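Biologist: I should like to learn how the features of a model such as this one are to be read. May we take them one at a time?

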Amino acid sequence: MDSHGRRSIYRVFDEAAETSGRAVAPTFLLYLLLDEGECTVAEFCQACDDLLRGEGWTGYQAIQAAWKAVPVDCSDYLSDDLLA
């Protein structure tokens, strides 16, 4: 989730001739479950909270990256310290 880690992942994709891709925040992978109807918004938001806190991704840049591609308002479910 930190900028150095994301740059490292991007570099691997940039150097790979046979594939391409981008690093996405782990919250985006949880969003795919929500988008497919496999969980509720409340469950999604709680899982994001658990993931971010459990991995120690609570700094400003990590929080910004976590919510960048996730179009879900979790303000009813999460404390302000984990919202972008």
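Modeller: Let us begin with the charged side chains: D49, R53 and D81 are linked in a network of salt bridges. Please bear in mind throughout that this is a predicted model.

Biologist: How many salt bridges does the structure hold?

Modeller: There are 2 salt bridges in the structure. One joins the side chains of D49 and R53, with an N to O distance of 3.1 Å. The other is formed by D81 with R53, and here the closest N and O atoms are 3.0 Å apart. The criterion behind both is a side-chain nitrogen of Lys or Arg within 4 Å of a carboxyl oxygen of Asp or Glu.

Biologist: Which parts of the chain does the pair of D81 and R53 link?

Modeller: This pair links distant parts of the chain, 28 residues apart: R53 lies in helix α3, whereas D81 lies in the segment after α4 (60–67).

Biologist: And how are D49 and R53 separated along helix α3?

Modeller: D49 and R53 are 4 residues apart in helix α3, which means a separation of about one helical turn. The helix itself comprises residues 41–54, and D49 has its place there.

Biologist: How should one read accessibility here: is D49 buried or exposed?

Modeller: The reading rests on a cut-off, since buried means under 20% relative accessible area and exposed means over 50%, with partly exposed in between. D49 has a relative accessible area of 11% and is therefore buried. Its partner R53, at 37%, is partly exposed. D81 is likewise partly exposed, with a relative accessible area of 44%.

Biologist: Which residues is D49 in contact with, leaving aside its neighbours within four places in sequence?

Modeller: With those neighbours left aside, D49 is in contact with G54, L78 and L82.

Biologist: Let us turn to helix α2. Which of its residues are buried?

Modeller: In helix α2, which spans residues 26–35, the buried residues are T27, Y31 and L34. Viewed down the axis of α2, these buried residues fall within an arc of 50°, so they line one face of the helix.

Biologist: What do the buried residues of α2 pack against?

Modeller: They pack against α3 and α4. Helix α3 is thus a recurring element in our discussion, for D49 and R53 belong to it as well.

Biologist: Which backbone feature is found just after α2?

Modeller: Just after α2, the residue to inspect is G37, which takes a positive phi of about 75°.

Terms used: Residues numbered from 1 in each chain as written. Predicted model: local features only at pLDDT ≥ 70, side-chain atom pairs only at ≥ 80, totals over all residues. Heavy atoms only, no water. Helix = DSSP H or I, 4+ residues; strand = E, 2+ residues; numbered from the N terminus. Buried < 20%, exposed > 50% of the residue type's maximum accessible area, 1.4 Å probe, protein only. Contact = heavy atoms within 4.5 Å. Arc of directions from axis to C-beta.
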